[in-house]
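Let's take a friendly tour of a protein fold, strand by strand. Have a look at the picture first, then read on.

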Amino acid sequence: MKKIKFFALMVLILSVLSLAALKIEGNKVVFTFNYPQANTVHLAGTFNNWSTNANPMRREGDLWVTELELKPGTYQYKFVIDGGKVWKEDPDAPGYTDDGFGGKNGVFTLALKDDQLVIVAPAAEIKEKVEINAEREENFYIEDNTYVVIRFYKPEARYVFIAGSFNNWSMNDTECYSSGDGWWEAVLELTPGVYQYKFVVDGKDWLFDPNAPAFVDDGFGGKNGIFEVWKEDGQLKVGAPRVKQEEEPAKVELPKENTVKSVEYEIDGKLSEKEKSTAIFTGSTLKEIYVARTSTAAYVAVVLDKPARDYIGETMLIEVYTNAPKMMSANSKTYNGTTLSKPVGFRFSVNMKTWKTRKRGTFYAAAGDDSWILQANAFKAAVDDVVEIEIPYDILGVKSGEEFNIFVTCAMGDKEEVIPQDGVVVKAPTMLSGNVIAKFVDKVGDDYGFGTYTYPKDPAFAPYKGLFDITEVTVLENDDAYVFSIKFAEMTNPWASPKGFSHQLINLYLDTKAGGKTTTYKEGARVQFKEPWDYFIKVAGWPDDRIVFATADGKEIPEAITYEADPVDKVIHVIIFKKYLDVQTGIKAYILSLSQDGYGADHIRPITKDSTQWTLGGYPADSKDYAPFVLDIIVPEGYTQEEILKSYVPGQAYATLIPVVVK
């Protein structure tokens, strides 16, 4: 038992010392990362919506360093190496949390102490079973509606400290006071939250509190005390944790009347009759609220008690708060302090005071402590007769068929109106349905081009097979879209792509009418086409410049497609909206699988004679750079992938692909 205590003690001491890699200088958080072999390093996290290029780090010897000015709150982060080829967690992070992809993110809490910013390790997630302590002597009380006092009985102790998630488990930061008769008292000033703790007696013995309101496993064969602090009617309360260990998503039901409908809208500050043909909610300053949806976004129109443009320059915030099925963090209150009926994770804000000089909205993510973290994501907003706001599902992480809640608020000074009080449910249309119009089954294990291509050597490409291997393509047609569901033999996400897959790069070329192009949209794939194409679609795990819908004449229409991935079933669903397609002669398709590389031509990973850490191998030197960079394709009956991809003429012509008939 002494060995276990000593091991636990050393882990805790090391966790305190490790904070040196994350420190405060002035009003900024300084991030330091030791990775001398990197060419570039960027800092990504919840503070920049996991952007891979928003916060570059500078090299200082073997270290990479950057500073951020952040508000108090809890943040997650990771380091992005060489443009996304590798994502690394901070080995010296104050704490860690599951990144959702089999790895972990660094996590820390930024707090104010004596008007100074301090970094503390966040409370550990309660994944263990919480054991309520039914038989206990009450030893907790609140003093002056400010302090949590915990009494601990240890008459033989010479001195006692309390250590817990509130002080980064420091064994000498928070001393307990002797109150006589063998009792010691810890006096803590805590914000609402759930905390774990132990007592450290005489600088060596780590002891759990037998009178704790509840217990959890401490990870070392013992247990920690655990309690929650909350406010109720303005009074500070303390007791056993009230939260569920695994909260189920709040069940939402669409209203029987006043249903959110799909409508065509334009974000122009004007309210058309079409835009009014959906759910409506009424209030006072918020005179009328209209909420609608499309296949890719929700729409909110706010009618005020006078034309919205008349409020420009006044201190007024028009905001939309939403939740989502998979929020990273959630707040219970608006920016102005109003408690909402459901936790929310996102805030879309239009500031009327600054609108004249800054005609755009601002997007925030919840920090989890009722503060809000500014994000880089843009969304459409307009102010004229009314205020209009578009809420893209992509920002929220909402997938086809999922539901989320919307609250609309108007804040002026210390007054805030919320419409509707219980929120309005929006359901993203179920796009992954329809009639099967085509299905193609492809050979398993043929992600080798024309037979010689091999995988890169870096561990990120494990299991070194199947990542680019299309095994099946199913094409659905519904009233609004064509859905290409492309299944792969393997799907991993070592670089933590927001879409759930890192390696696959899909190129689709559609032939729907006479005319078009027979060369690729951009240089990179090193192929050409037997029949001209009219539309090009590119999809990868990062929805920035790696998602493209383009016409043969070069017009790009980002809103023409959306896509979702199901990493469990290893399927990528590419949804192409019909209204952007001119289908005159049916649909023929070229379906290509390539390796995604942020630095490659058109984001295509190069293939060299021999595979290296980051390049594929097996490229024929005698092709004079005319062999394809394509790893797998769907071919018509009667042809083989190998013969089509090897149809190039060295030094003269690329391989000529032949389309499959979809419709």
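## A strand between two partners

A quick heads-up: this is a predicted model. Let's start with strand β26, which is joined to strand β34 (residues 403–412) by six bridges, the two running antiparallel. If you want a spot to look for in that pairing, find Glu319, which sits opposite Thr409 of β34.

β26 has another antiparallel partner too: six bridges link it to strand β29 (residues 346–351). Here, a handy marker is Thr322, which faces Phe346 in β29.

## Is β26 buried or exposed?

So how much of β26 is tucked away, and how many of its residues are buried? The strand covers residues 317–322, and six of the six are buried, so the rest of the structure largely encloses it. Buried here means under 20% relative accessible area.

In a regular strand, side chains alternate between the two faces of the sheet. Now check both sides of β26: Leu317, Glu319 and Tyr321 are on one side, with Ile318, Val320 and Thr322 on the other, and all of them are buried. In other words, both faces of the strand are covered.

## A hairpin

Next, scroll along to strand β27 (residues 331–333) and strand β28 (residues 339–344), which pair antiparallel over two bridges. One of the matched pairs is Asn331 with Val344 in β28.

Together, β27 and β28 make a hairpin, with five residues between the strands. Take a peek at Gly337 in the turn: its phi is positive, at about 100 degrees.

## A five-stranded sheet

What order do the strands follow in the open sheet? Reading across its five strands, you get β36-β37-β38-β45-β44, with antiparallel pairing. At the edges are β36 (435–441) and β44 (561–566), each of which pairs on one side only. On average, neighbouring strands in this sheet are turned by 15 degrees against each other, ignoring direction.

Zoom in on one end of that sheet and you'll find β44 paired antiparallel with strand β45 (residues 571–577) over six bridges. Within this pairing, Ala565 has Ile572 of β45 as its bridge partner.

## Two nonpolar cores

Finally, which residues have the most contacts inside the largest nonpolar core? They are Phe31, Phe47, Tyr77, Phe108 and Leu657, in a core of 69 residues. Strand β6 (residues 73–81) supplies the largest share of this core, with five residues.

There's also a second core, separate from that one, with 40 residues. Among its members are Phe348, Trp355, Phe379 and Val387.

How values were computed:
Residues numbered from 1 in each chain as written. Predicted model: local features only at pLDDT ≥ 70, side-chain atom pairs only at ≥ 80, totals over all residues. Heavy atoms only, no water. Core = buried A, V, L, I, M, F, W, Y, C linked by side-chain atoms within 4.5 Å. Buried < 20%, exposed > 50% of the residue type's maximum accessible area, 1.4 Å probe, protein only. Helix = DSSP H or I, 4+ residues; strand = E, 2+ residues; numbered from the N terminus. Pairing = 2+ DSSP bridges. Axes fitted to C-alpha atoms, helices over the stretch in contact; angles between N-to-C directions.
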